[in-house]
Amino acid sequence: MISISPSSANTWMKCAGSASLKSLVPRDDETDAAREGTTAHWVAQQILLSYQGTQILTASQFVGQTHNDVEITHEMCEAVEIYVMDVLKIVQQHGALQTLQIEQRINPSTKIHPENRGFFDAGFYDPGTMTLFVWDFKYGHGFVDVFENWSMLNYAIGLLELIFTDNGKQVPPEITIKMRIVQPRCFTPAGIIREWSINEGNELRGFANRMHHQAHIAMSPGAPTATGTHCGYCRARHICPALLDASQIAMDVIGTSTPIDLPPQSMSVELKFLNRAFEIIKARKDAIEADAIAKMESGIDIPGFEMKVNYGIPYWSKPNDEILALGAAFGINLIDEKLCSPSDAKKRGVDVAVVNEYTSKRISSKKLKPVNSTIVNEVFKP
Ligand code: SF4
């Protein structure tokens with residue numbers, strides 16, 4: 001099914017054809033990073049919802065629990081706390097705790113397209129100051145700019161439609177829209193909390209018109225593709241002919257010789273070009289690598305490459321009472337305020353082989369490693 005979700009708006013607004021191409025690629029290959037992000041969002045949602053109820057939850061209460069097959073760590077909870085505190089601080093300044101909307105579904109069918117459906121992280125409208133706040137919590141490390149961010153604009157348009165249009169009211173043009181990205185694990189001069197503020201009447205309507213136009217192109221047969229840095233976020237990059245062409249052209253141009261002593265202006269232009277070419281080639285390489293790993297896992301040999309699997313830190317894979325019984329069998333205390341980690345248990349003297357039997361490790365990454373192969377050697381021979 002073709003999807004033009006708000007969360008992928010930064011891709012389909014730049015490449016209309018990505019919507020239909022992505023519909024050809026199954027979604028079941030969610031990466032570890034994506035599952036971690038989903039879990040971090042779930043923890044944040046539970047805490048924010050608890051503030052609207054009677055029993056307030058804190059992030060530390062979730063440490064050690066598992067959700068979506070991902071262990072909730074201290075690091076994750078610290079990131080969640082930064083986001084939750086930012087939302088609560090502004091919500092309390094505006095006395096808007098009970099009107100705060102958390103992980104709500106939006107479908108701005110009038111302003112954008114009937115197929116434009118998704119969820120935003122948090123937001124509310126304060127009628128006193130005529131201000132709409134929208135948040136996007138980003139758990140990943142890669143910098144996400146808030147300025148002219150199409151997903152944020154899409155969330156704002158959807159939230160306004162939910163609050164006003166769906167209730168038969170006109171959206172007042174005087175409204176100020178404040179879009180905030182909270183990205184606790186991305187350290188840049190712009191800070192980990194970034195805000196972009198615009199006016200509804202003068203600015204948001206213009207963006208909404210552009211989204212309406214592009215969404216209808218994206219949902220039409222034969223929508224055109226356009227490569228760029230957004231390809232790095234596209235699920236279809238390993239089957240995309242446009243990206244294949246662009247990466248081959250980029251490789252050809254990189255391979256041509258240029259004078260060594262470039263004047264500053266030419267150097268600047270070439271550096272910009274190389275940065276863009278690098279992003280395009282990287283997007284293609286990441287996609288092909290992920291596809292090759294999936295094929296290897298299904299038993300297909302990729303000549304000249306082998307898969308290297310890296311594992312994360314071990315975690316206890318048996319119930320707590322069995323771990324405590326293990327400690328007792330060795331005459332070693334394995335609990336202080338809470339159960340110690342497997343590596344602590346080894347340091348305290350529990351037999352290493354026995355600890356290993358009581359633990360598991362999650363795969364942290366899978367990499368392809370070139371190996372000696374006549375086919376690859378043939379391709380790259382001087
Ligand atoms: S890889 Fe790039 S050009 Fe191809 S469909 Fe995706 S976003 Fe568009």
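What share of the contacts in the protein chain with a separation of 6 or more comes from residues 24 or more positions apart? Such residues account for 69% of these contacts, two residues being in contact if their C-beta atoms, placed from the backbone, lie within 7 Å. The model is predicted, with local features needing pLDDT of at least 70 and side-chain atom pairs counting only at pLDDT 80 or more, while totals for chains, interfaces and linings use all residues. Residues are numbered from 1 along each chain as its sequence is written.

Of the 382 residues in the protein chain, 29% are buried (20 or more other C-beta atoms within 10 Å of the residue's own, with C-beta atoms placed from the backbone). The C-alpha atoms fill a box of roughly 70 × 70 × 45 Å along the principal axes.

Turning to the ligand, 16 residues surround it, and Cys15, Ser18, Cys231, Cys234 and Cys240 come nearest (a residue is near a molecule if its C-beta atom, placed from the backbone, lies within 6 Å of it). Two or more residues of this shell are given by each of helix H2 (18-22) and helix H7 (241-255), helices being DSSP runs of H or I with at least four residues, numbered from the N terminus. The ligand lies between domain 1 (6-218) and domain 2 (229-300), because both give residues to the shell around it; the domain bounds come from an automatic or database domain assignment.

Note on methods. A residue is buried if 20 or more other C-beta atoms lie within 10 Å of its own, exposed if 12 or fewer, and partly exposed in between; C-beta atoms are placed from the backbone.
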